[in-house]
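I opened the notebook for another round of looking things up. My plan is to go from the ligands to the empty spaces and then to the backbone.

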Amino acid sequence: MFKSGFVAILGRPNVGKSTLLNALIGDKVSIISPIPQTTRHQIKGILNLKDVQVVFIDTPGMHYFNDELAQHLNTVAKSIIYGCDLILYVVDVTRNYGKEEERLMNIICNQDIKVIMVLNKVDKCEKFFNEYLSMWQKKIKGDKKKILLAYMPLSAKRGTNIDKLKEVLIGNIPEGPAYYDDKAVTDFPVKLRIADIIREKLFLALKEELPHAVAVSVEEINNKKNVIYIKANIYVRRKSQKMIVVGKKGELLKHIGTLSRKEIETIYEKKVFLDIWVTIMEDWQKRPRILKDLGYE
Ligand SMILES: Nc1nc2c(ncn2[C@@H]2O[C@H](COP(=O)(O)OP(=O)(O)OP(=O)(O)O)[C@@H](O)[C@H]2O)c(=O)[nH]1
Ligand SMILES: [Mg+2]
């Protein structure tokens with residue numbers, strides 16, 4: 001009997017959803033950074049085991065702001081709940097919960113899909129562990145109780161309890177066919193995956209400086225005989241931001257390019273020539289057409 005299912009990974013920004021996805025898959029399919037709202041796409045990671053295929057869906061962290069990009073992120077995250085077999089609801093026990101967490105918990109409690117509550121980052125501290133448990137328990141009184149399958153304290157970063165989580169997951173995946181090739185680790189289009197790798201290096205290099213003002217698009221992938229030529233564009237909003245991204249004598253851009261190229265080469269297992277440009281576009285975040293070009297459909 002083959003089993004398969006879709007598992008949504010939900011949680012507020014920065015709780016460690018993408019780190020958890022990569023840990024479950026054992027491969028890097030989703031980018032990670034200390035900056036909230038790192039994930040902008042719906043990324044699927046596929047776990048292939050003997051007689052089981054689990055398709056995880058990493059989501060942009062749920063949050064509440066008012067521009068087009070933020071609205072898009074919320075719609076994506078909510079729409080994923082429907083059609084899934086299971087939800088991994090991830091919380092960060094090192095930070096106290098707030099209004100956003102309660103709103104998200106309300107959404108999760110008021111539906112019928114089974115939930116595993118992942119209490120992440122226990123390697124760092126367990127300061128608010130009990131707060132999360134008691135808030136959750138308040139929400140799922142009576143009949144709603146049955147949606148919870150398990151509480152799972154873990155460290156996505158260190159890999160602690162990942163095997164235990166897999167066991168519980170697999171035990172609750174229904175009978176079904178394989179949806180993807182058993183060699184695939186993700187269905188994320190390669191252009192977007194490369195753009196995201198570059199965006200991750202930018203986020204890591206720039207830290208708080210301009211995370212939301214940048215976007216990356218890959219415009220060309222040309223598979224030549226001995227090398228793969230890739231042309232990418234980094235969008236910023238202002239000239240001052242372009243100067244930051246390029247850095248003194250172009251050093252920052254070069255650094256980002258080198259790190260990105262090395263990681264892209266591990267996907268292709270071939271030499272890559274990465275050609276990165278920086279373009280100023282004042283309000284890319286507010287233009288639906290540009291958001292579409294960037295893959296935020
Ligand atoms: N100490 C510790 N840090 C973690 C753990 N899991 C994730 N992190 C860190 O938390 C930060 C956010 O991780 P991400 O995986 O990008 O979080 P996310 O929930 O996907 O964030 P968004 O995509 O922005 O919603 C990164 O700096 C991670 O290294 C963990 O188990 N322990
Ligand atoms: Mg993420």
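Is Ser18 buried or exposed? I looked it up first: Ser18 has a relative accessibility of 7%, so it counts as buried, the cut-off being under 20%. A reminder to myself: this is a predicted model.

**Entry: the magnesium ion**

I started from Ser18 because its side chain takes part in a metal site: OG of Ser18 and OG1 of Thr39 coordinate the magnesium ion, ligand 2. I noted the range of distances as 1.9 to 2.1 Å. Next I checked where the two residues sit. Ser18 belongs to helix α1, residues 17-25, while Thr39 is in the loop between α1 and β2 (43-49), so the pair ties together parts that are 21 residues apart in sequence. Thr39 has a relative accessibility of 7%, so I put it down as buried.

**Entry: ligand 1**

Which residues come nearest to ligand 1? There are 23 residues around ligand 1, and Thr19, Gln37, Thr38, Thr39 and Asp123 come nearest. I was pleased to meet Thr39 again, having just logged it as a donor to the magnesium ion.

I then went through contacts to oxygen atoms of ligand 1. For Lys17, a polar side-chain atom lies 2.7 Å from one such oxygen. For Lys121, an N or O atom in the side chain is 3.1 Å from an oxygen of the ligand. Lys157 uses its backbone: an N or O atom there lies 3.1 Å from an oxygen atom of ligand 1.

**Entry: the largest pocket**

I turned to the open space next. The largest pocket has a volume of about 550 Å³. It is lined by 27 residues, and the closest to its centre are Asn14, Gly16, Thr19, Ile32 and Lys121. Two of these names were already on my page: Thr19 comes among the nearest residues to ligand 1, and Lys121 has the side-chain contact to that ligand.

What is the lining made of? I get 7 nonpolar, 13 polar and 7 charged residues. Helix α1 provides the largest share of this lining, with 3 residues.

**Entry: the closed spaces**

How many cavities of 30 Å³ or more are there? The count comes to 2.

The largest cavity holds about 50 Å³ of space. I listed its lining as Arg12, Pro13, Asn14, Val15, Asp92, Arg95, Glu101 and Tyr132. By class that gives 3 nonpolar, 1 polar and 4 charged residues.

The second largest cavity has about 30 Å³ of space. Its lining consists of His41, Leu192, Ala195, Asp196, Arg199, Val216, Leu294 and Tyr296. Helix α6, residues 190-206, gives the most here, with 4 residues. The classes are 5 nonpolar, 1 polar and 2 charged.

**Entry: positive phi**

Last, I looked at the backbone. Asn14, which I had noted in the lining of the largest cavity, has a positive phi near 75 degrees without being a glycine. I find Asn14 in the loop between β1 (3-11) and α1. Its relative accessibility is 24%, so I call Asn14 partly exposed.

Where does Asp51 lie? Its place is the loop between β2 and β3 (52-58). Asp51 is another non-glycine residue with a positive phi, of about 65 degrees. At 39% relative accessibility, I enter Asp51 as partly exposed too.

Key: Residues numbered from 1 in each chain as written. Chains lettered and ligands numbered in written order. Predicted model: local features only at pLDDT ≥ 70, side-chain atom pairs only at ≥ 80, totals over all residues. Heavy atoms only, no water. Donors = N, O, S within 2.8 Å, 3.2 Å for Na, K, Ca; no water. Helix = DSSP H or I, 4+ residues; strand = E, 2+ residues; numbered from the N terminus. Buried < 20%, exposed > 50% of the residue type's maximum accessible area, 1.4 Å probe, protein only. 1 Å grid on protein atoms, 1.4 Å probe; cavity = no way out; pocket = protein on both sides within 12 Å on 5 of 7 lines; lining within 4 Å. Points joined across faces, edges and corners; volume = space filled by probe spheres on them. Nonpolar A, V, L, I, M, F, W, Y, C, P; charged D, E, K, R; others polar. Near = heavy atom within 4 Å. Polar contact = N/O pair within 3.5 Å; in protein donor to acceptor, adjacent residues only side chain to side chain.
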